[in-house]
Amino acid sequence: MPAMTTPDPCPCGRPLAYTACCGVYHAGAAAPDAETLMRSRYSAYVKQLPDYLLASWHPSTRPEDLSLDEAPAQRTRWLGLTIHMHTSTDPDHAQVKFTARYKVGGGSAVKMLEHSRFVREDGRWFYLDALP
């Protein structure tokens with residue numbers, strides 16, 4: 001029996017179609033936890049959605065603007081996401097440690113390891129910053 005494949009798989013790595021996974025959050029739904037927000041932010045980089053990235057970034061640390069426009073030779077190609085840890089320090093604060101893999105232009109693959117902090121305000125999770 002041939003393996004079933006998901007049409008338009010979600011870039012975040014969950015075994016769902018994009019429209020049933022991160023697409024829901026990109027359309028405006030609140031992520032239920034910090035890990036889901038992290039996954040949706042990764043997918044937003046893959047799908048080139050700077051407005052979502054800015055909206056899900058906490059106002060205290062959010063840049064004024066974010067451009068994902070790159071020259072074709074310098075375009076980032078996202079290769080995958082691995083979540084290593086998701087912990088809640090209290091109901092409104094959490095941390096996610098992850099590795100995102102990508103290539104820039106025709107260069108070698110890069111692994112970016114980040115340990116991020118998230119905060120929930122008014123029922124919505126926001127990316128706060130990366131721990132040093």
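A residue is termed buried when its relative accessible area is under 20%. By this criterion Cys22 counts as buried in the predicted model examined here, because its relative accessibility is 1%. Cys21 likewise falls under that limit and is therefore buried, with a relative accessibility of 4%.

The cysteines of the model were next examined for bonding. A disulfide is a covalent bond between the sulfur atoms of two cysteines. A search of the whole structure returned 0 disulfides. Cys21 accordingly takes part in none, and the nearest cysteine sulfur, belonging to Cys12, lies 3.7 Å away. For Cys22, the closest cysteine sulfur is that of Cys10; the separation is 3.5 Å, which is too far for a bond because a disulfide requires the two sulfur atoms to be within 2.5 Å.

Cys10, Cys12 and Cys22 also appear in the nonpolar interior of the model. The largest nonpolar core comprises 20 residues, and those with the most contacts inside it are Met38, Leu81, Val96, Phe98 and Phe118. At least two residues of this core are supplied by each of helix H2 (34-46), helix H3 (50-55), strand S1 (76-90), strand S2 (93-104) and strand S4 (124-130). Helix H2 provides the largest share, amounting to 5 residues. Apart from this core lies another, of 5 residues, which includes Cys10, Cys12, Tyr18 and Cys22. Beyond its neighbours within four places in sequence, Leu81 is in contact with Cys12, Met38, Arg39, Tyr42, Phe98, Thr99, Ala100 and Arg101. Two of these partners, Met38 and Phe98, are themselves among the residues with the most contacts inside the largest core, while another partner of Leu81, Cys12, is a member of the other core.

Helix H2 also contains Val46. This residue counts as partly exposed, because its relative accessibility is 31%. When residues up to four places away in sequence are not counted, Val46 touches Pro11 and Trp78. Val46 and Cys10 are 36 residues apart in sequence, and their C-alpha atoms are 9.8 Å apart in space.

The largest pocket has a volume of about 180 Å³. Its lining is formed by Met38, Arg41, Tyr42, Tyr45, Trp57, Trp78, Phe98, Ala100, Met112, Glu114, Ser116 and Tyr127. Helix H2, strand S2 and strand S3 (110-121) each contribute at least two residues to this lining, and H2 gives the most, with 4 residues. Classified by type, the lining consists of 9 nonpolar, 1 polar and 2 charged residues. Several lining residues recur elsewhere in this description: Met38 and Phe98 belong to the largest core, Met38, Tyr42, Phe98 and Ala100 are contacts of Leu81, and Trp78 is touched by Val46.

Backbone geometry was of note at two loop positions. Gln48 has a positive phi of about 60° although it is not a glycine, and this residue is located in the loop between H2 and H3. Its relative accessibility is 37%, so Gln48 counts as partly exposed. Asp122, again not a glycine, has a positive phi of about 50° and is found in the loop between S3 and S4. Asp122 is classed as exposed because its relative accessible area is 85%, the threshold for this class being over 50%.

Methods. Residues numbered from 1 in each chain as written. Predicted model: local features only at pLDDT ≥ 70, side-chain atom pairs only at ≥ 80, totals over all residues. Heavy atoms only, no water. Core = buried A, V, L, I, M, F, W, Y, C linked by side-chain atoms within 4.5 Å. Buried < 20%, exposed > 50% of the residue type's maximum accessible area, 1.4 Å probe, protein only. Contact = heavy atoms within 4.5 Å. 1 Å grid on protein atoms, 1.4 Å probe; cavity = no way out; pocket = protein on both sides within 12 Å on 5 of 7 lines; lining within 4 Å. Points joined across faces, edges and corners; volume = space filled by probe spheres on them. Nonpolar A, V, L, I, M, F, W, Y, C, P; charged D, E, K, R; others polar.
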